[in-house]
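Welcome! Please take a moment to look over the sequence and the model before starting the exercises.

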Amino acid sequence: MIKNTYKYITIGIAAAASVLSLNLSSCVTIPKGAKAVRPFDRSKYLGSWYEIARMDFKFEKGLSHVTATYSLINDQTIRVDNKGYDMNSKKWKQSIGKAKFVGNPAEARLKVSFFGPFYAGYSVIAIDPEYLYALIAGNNLKYMWLLSRGKSMPAQVRERYLSILTMARLPLLLKITTLVIRITPTGPAVIFF
């Protein structure tokens, strides 16, 4: 009797862990008010990007000269290779992950994983026709990036992308190399040089 009870408890725990893992691995959202780019051309997006600005979060804290390189693994999966220089340790850090489209590949809504079966949202919410500059949103407003094919972004492009955040009423604090910009419902404001 006790042996059967342990067996059923073990099966129950395993089932609960499987459900939890499934829920965590498919928990991919986009911030309220943001919309993924559609149509989206995956082949034009592949390649190397420079991080111009980001919401500073623990995985990138202290990193500068951050790049992201995207390449195909197969028809369904994109390799994500992020690199950045850690100013404190004076060493380069690298993180390799994978990204998959959440639905239709013609919509720039993906899920990305750097930790096994756990995925987070990665949506391109603005991109220019030549695929030179992009605005990326994660699951929520804690994850946001401005990317460029070059090491800088023209001020007018940056202002246009920041106005998208303002129009969508997405309040944030973006760290841009040496300046910090606060986005409020009334518009962007530089608050630190």
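Below are five exercises, each with a worked solution.

This is a predicted model, in which local features need pLDDT of at least 70, side-chain atom pairs count only at pLDDT 80 or more, and totals for chains, interfaces and linings use all residues. Residues are numbered from 1 along each chain as its sequence is written, and side-chain values use heavy atoms, with hydrogens and water left out.

**Exercise 1. The chain as a whole**

Task: Describe the secondary structure and the surface of the chain.

Solution:
- Step 1. Start with the elements: the chain has three helices and eleven strands. Helices (H or I, at least four residues) and strands (E, at least two) are DSSP runs, numbered from the N terminus.
- Step 2. Follow their order along the sequence, which reads α-α-β-β-β-β-β-β-β-β-α-β-β-β.
- Step 3. Turn to burial: 38% of the 193 residues count as buried. Buried means under 20% relative accessible area, exposed over 50%, and partly exposed in between (1.4 Å probe, protein chains only).
- Step 4. Add the surface: the accessible area of the chain is about 11,500 Å², and carbon and sulfur atoms own 61% of this surface. Such areas come from the Shrake-Rupley method with a 1.4 Å probe; for residues, only the protein chains shown count as cover.

**Exercise 2. The largest pocket**

Task: Find what lines the largest pocket and which strand gives the most to the lining.

Solution:
- Step 1. Recall the idea: rolling a probe the size of a water molecule over the atoms shows where empty space is left. On a 1 Å grid over the protein atoms alone, a pocket is an open set of points where a 1.4 Å probe fits, with protein on both sides within 12 Å along at least five of seven lines; lining residues have an atom within 4 Å of a point.
- Step 2. Take the volume, about 860 Å³ for the largest pocket. A volume is the space filled by probe spheres set on the grid points, which are joined across faces, edges and corners.
- Step 3. Locate the centre: among the 39 lining residues, Phe57, Asn82, Val112, Phe114 and Trp145 are the closest to it.
- Step 4. Look at the strands: S2 (63-72), S3 (78-86), S4 (91-101), S5 (109-115), S6 (118-127), S7 (133-138) and S8 (144-148) each supply at least two lining residues. S6 gives the most, with six residues.
- Step 5. Sort the lining by type: 26 residues are nonpolar, nine polar and four charged. Here Ala, Val, Leu, Ile, Met, Phe, Trp, Tyr, Cys and Pro count as nonpolar, Asp, Glu, Lys and Arg as charged, and the others, Gly among them, as polar.

**Exercise 3. The nonpolar cores**

Task: Which residues touch the most other members of the largest nonpolar core?

Solution:
- Step 1. Fix the term: a nonpolar core is a set of buried Ala, Val, Leu, Ile, Met, Phe, Trp, Tyr and Cys residues joined through side-chain atoms within 4.5 Å.
- Step 2. Name the residues: in this core of 23, Tyr45, Tyr70, Tyr122, Val124 and Leu147 touch the most other members.
- Step 3. Trace their source: S2 through S8 each supply at least two residues of this core, and the largest share, three residues, comes from S6.
- Step 4. Note a second, separate core of 16 residues, including Ala126 and Met144.

**Exercise 4. Buried or exposed?**

Task: Decide whether valine 80 is buried or exposed, then do the same for lysine 35.

Solution:
- Step 1. Valine 80 sits in strand S3 and is buried, because its relative accessible area is 3%.
- Step 2. Beyond neighbours within four places in sequence, the contacts of valine 80 (heavy atoms within 4.5 Å) include Tyr70, Ala99, Val112 and Phe114.
- Step 3. Lysine 35 belongs to the loop between helix H1 (2-25) and helix H2 (42-45), and is exposed because its relative accessibility is 67%.
- Step 4. With the same neighbours left aside, lysine 35 is in contact with Ile30, Val124 and Ile125.

**Exercise 5. Backbone details**

Task: Where do lysine 90 and tyrosine 131 lie?

Solution:
- Step 1. Lysine 90 is in the loop between S3 and S4, with a positive phi of about 60° although it is not a glycine.
- Step 2. Tyrosine 131 is in the loop between S6 and S7, and its phi is also positive, about 60°.
- Step 3. Compare burial: lysine 90 is exposed at 56% relative accessibility, whereas tyrosine 131 is buried at 7%.
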